[in-house]
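Let's take a friendly walk through this model, from one residue outwards to the helices, the core and the pairs of side chains. Have the sequence and the 3D view at hand.

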Amino acid sequence: MRSYVNKTLLLGQEIADDEELLVSGLLDSLAVMSLVTFIEETFNVTVPFTDVVVENFESVQAIGQYISGRVSLAAAEA
């Protein structure tokens, strides 16, 4: 996840896992939508619109935790 954020969304800029992405302005709404598409395609999960909130996408760490939860939920539903 960090690699995608750093290389694709931040054009090579290195960040810490807990660095604020949204509040700091590093990611805008278009980047978040690109990230949602990447998550859905890479991890084979659905990201509901109601989950696209600051708390789930505020840092690489938060995104990782969110993905883990969605993957676990998808596995439990299968």
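## A buried asparagine

Asn-6 has a relative accessibility of 4%, so this residue counts as buried, the cut-off being under 20%. Please keep in mind that the model is predicted. You will find Asn-6 in helix α1. Setting aside neighbours within four places in sequence, Asn-6 is in contact with Leu-11, Gly-12, Gln-13, Glu-14 and Ile-15.

One of those contacts, Leu-11, deserves a look at its backbone. Leu-11 follows α1 and has a positive phi, near 50°.

## Helix α1 and its partners

Which residues of α1 are buried? They are Tyr-4, Val-5, Asn-6 and Leu-9. The buried residues of this helix pack against α2 and α4. Helix α1 itself covers residues 2-9, while α2 covers residues 29-43.

## Helix α4 and its two sides

Helix α4 runs over residues 60-77. With 18 residues at 1.5 Å a residue, α4 should span 26 Å, and its end C-alpha atoms are indeed 26 Å apart, so the two values agree.

The buried residues here are Val-60, Ala-62, Ile-63, Tyr-66, Ile-67 and Arg-70. Looking down the axis of α4, you will see them fall within an arc of 155°, so they line one face of the helix. The cover over these buried residues includes α1, α2 and α3. On the face turned away from the buried side, α4 carries the exposed residues Gln-65, Ala-75 and Ala-76.

## The nonpolar core

Now to the largest nonpolar core, which has 19 residues. Which of its members touch the most others? Val-5, Leu-35, Ile-39 and Phe-57 do. The elements giving two or more residues to this core are α1, α2 and α4, and the largest share, 5 residues, comes from α2.

Leu-35 is a good place to centre your view. Not counting residues up to four places away in sequence, Leu-35 touches Met-1, Tyr-4, Val-5, Leu-9, Leu-27, Phe-57 and Ile-63. Among these contacts, Tyr-4, Val-5 and Leu-9 are buried residues of α1, and Ile-63 is a buried residue of α4.

## Aromatic pairs

A pair of aromatic rings is described by the distance of the centres and the angle of the planes. How many aromatic pairs does the model have? The count is 2. In one of them, the ring centres of Tyr-4 and Phe-38 lie 3.8 Å apart with the planes at 5°, so this pair is stacked, the cut-off for stacking being under 30 degrees. The pair links distant parts of the chain, with Tyr-4 in helix α1 and Phe-38 in helix α2, 34 residues apart. Tyr-4 counts as buried because its relative accessibility is 15%, whereas Phe-38, with a relative accessible area of 22%, is partly exposed.

In the pair formed by Phe-57 and Tyr-66, the centres are 5.7 Å apart and the planes meet at 45°, so the pair is tilted. Are these two residues buried or exposed? Phe-57 counts as buried at 1% relative accessibility, and Tyr-66 counts as buried at 8%. Phe-57 is also one of the core residues that touch the most other members.

## Salt bridges

Side chains of opposite charge can pair when their charged atoms come close. The structure holds 2 salt bridges. Asp-17 pairs with Arg-2, their closest N and O atoms being 2.6 Å apart. This bridge links distant parts of the chain: Asp-17 sits in the loop between α1 and α2, Arg-2 in helix α1, 15 residues apart. Asp-17 is partly exposed, with a relative accessible area of 31%, and Arg-2 is partly exposed as well, with 40%.

Asp-51 forms a salt bridge with Arg-70, and here the closest N and O atoms are 3.6 Å apart. Asp-51 belongs to the loop between α2 and α3 and Arg-70 to helix α4, 19 residues apart, so to speak a link between distant parts of the chain. With a relative accessible area of 17%, Asp-51 is buried, and Arg-70 counts as buried at 18% relative accessibility.

Note on methods:
Residues numbered from 1 in each chain as written. Predicted model: local features only at pLDDT ≥ 70, side-chain atom pairs only at ≥ 80, totals over all residues. Heavy atoms only, no water. Phe/Tyr/Trp six-rings, centres within 6.5 Å; stacked < 30°, edge-to-face > 60°. Helix = DSSP H or I, 4+ residues; strand = E, 2+ residues; numbered from the N terminus. Buried < 20%, exposed > 50% of the residue type's maximum accessible area, 1.4 Å probe, protein only. Core = buried A, V, L, I, M, F, W, Y, C linked by side-chain atoms within 4.5 Å. Contact = heavy atoms within 4.5 Å. Salt bridge = Lys/Arg side-chain N within 4 Å of Asp/Glu carboxyl O. Expected span 1.5 Å × (residues − 1). Arc of directions from axis to C-beta.
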